[in-house]
Amino acid sequence: MSPTLSALGTTDLLALLTSATLFSIGVMGVLLRRNAIIVFMCVELMLTAVNITLVTFSRVHGIEGQLLVFFVMAVAAAEAAVGLAIIIAIFRHYQVVDLDRFRALKW
Amino acid sequence: MISDFLFYLFAGGATVGGLLMVTRRNPVSAVIFLIAVFFCTSGMFLLLDAHYIAAINIILYAGAIMVLFLFVIMLLNVGHADWRDLRTPFGGLVGGAVAVAFLGLLARRLIGDVAPLAGEPAAGLEALVAEQGAVGVVARPLFGEYVVVLEATGLLLLVAIVGTIFLARRESA
């Protein structure tokens, strides 16, 4: 076992496992769903999964991981505001939030 | 130990909540389950000695961002489940492949002898928290070493506000 992981306890490994699972669920949601709002929420789920990993490793590598989580949350807030405004603007145009109907920028 | 049991509870709750979130057809139920996931992650952060992160996770994610989602669902009147919004199963295959890849990487790091991650293990975060407090331990480097990044984040939020107002403006006049 590598030194970093041997410094982590059982709960930390479970946290990494949960993080990987949540990230995979988020990827699956982004690829499977067509509702733009739910796809957007899956992106937030993936960001949270990354935050869990950062917090877990900050127990071993110092406080910088938690600082990074802080910045991830700030960027997530900005991204949610702009993304939802884009969804509203698109909804005004098409009257749906179905991603398969938004094909103006597709080939 | 009670904290171990709580940690298992929160981890299981987050996973189940995430699964329920992606499978809901009604966006409002999906938002509610995502809020449950955020509360479970906050519990995990608490048990991982990240008290300040746990607090702002609830205040910012569950309190602000998810309310924004609910507002948009209400504004667009899409809070009903009358259309099937699944794509082809190709997406599920890719997602499953990502899951298997992640779990494989984790297992390989656990059992195989791969190169260790850089850095010195065991920094003693708990002692630092006891000395400086839960907020101080994050605030000191944030306003000291990383103050430029903090200001850049403030600028990013300002740009986001301006962009949102620009996008949401009605072009009626």
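This note walks through a predicted model with chains A and B.

1. Start with the layout of chain B. Its domain assignment gives domain 1 (1-81) and domain 2 (127-173). The centres of domain 1 of chain B and domain 2 of chain B, taken over C-alpha atoms, are 22 Å apart.

2. Next, the meeting of the chains. On chain A, 65 residues are in contact with 71 residues of chain B. Four helices of chain A each supply at least two residues to the side that touches chain B: α1 (3-7), α2 (10-32), α3 (36-61) and α4 (64-94). The largest share comes from α4(A), with 21 residues.

3. Now the make-up of that side of chain A. By class, the side that touches chain B has 46 nonpolar residues. A further 14 are polar and five are charged.

4. Turn to the largest nonpolar core. It has 63 residues. Those that touch the most other members are A:I37, A:M41, A:L45, B:L34 and B:M44. Both chains give elements with two or more residues in this core. From chain A these are α2, α3 and α4. From chain B they are α1 (2-23), α2 (27-47), α3 (51-76) and α6 (136-143). The largest share of the core, 14 residues, belongs to α3(A). Domain 1 (1-81) and domain 2 (127-173) of chain B each give the core at least three residues.

5. Look closely at B:L34. Which residues does B:L34 contact, leaving aside its neighbours within four places in sequence? On chain A, they are A:M41, A:E44 and A:L45. On chain B, they are B:M21 and B:M66.

How values were computed: Residues are numbered from 1 along each chain as its sequence is written. Chains are lettered from A and ligands numbered from 1 in the order in which they are written. This is a predicted model: local features need pLDDT of at least 70, side-chain atom pairs count only at pLDDT 80 or more; totals for chains, interfaces and linings use all residues. Domain bounds come from an automatic or database domain assignment. Two residues are in contact if their C-beta atoms, placed from the backbone, lie within 7 Å. Ala, Val, Leu, Ile, Met, Phe, Trp, Tyr, Cys and Pro count as nonpolar, Asp, Glu, Lys and Arg as charged, and the others, Gly among them, as polar. A nonpolar core is a set of buried Ala, Val, Leu, Ile, Met, Phe, Trp, Tyr and Cys residues joined through C-beta atoms within 7 Å. A residue is buried if 20 or more other C-beta atoms lie within 10 Å of its own, exposed if 12 or fewer, and partly exposed in between; C-beta atoms are placed from the backbone.
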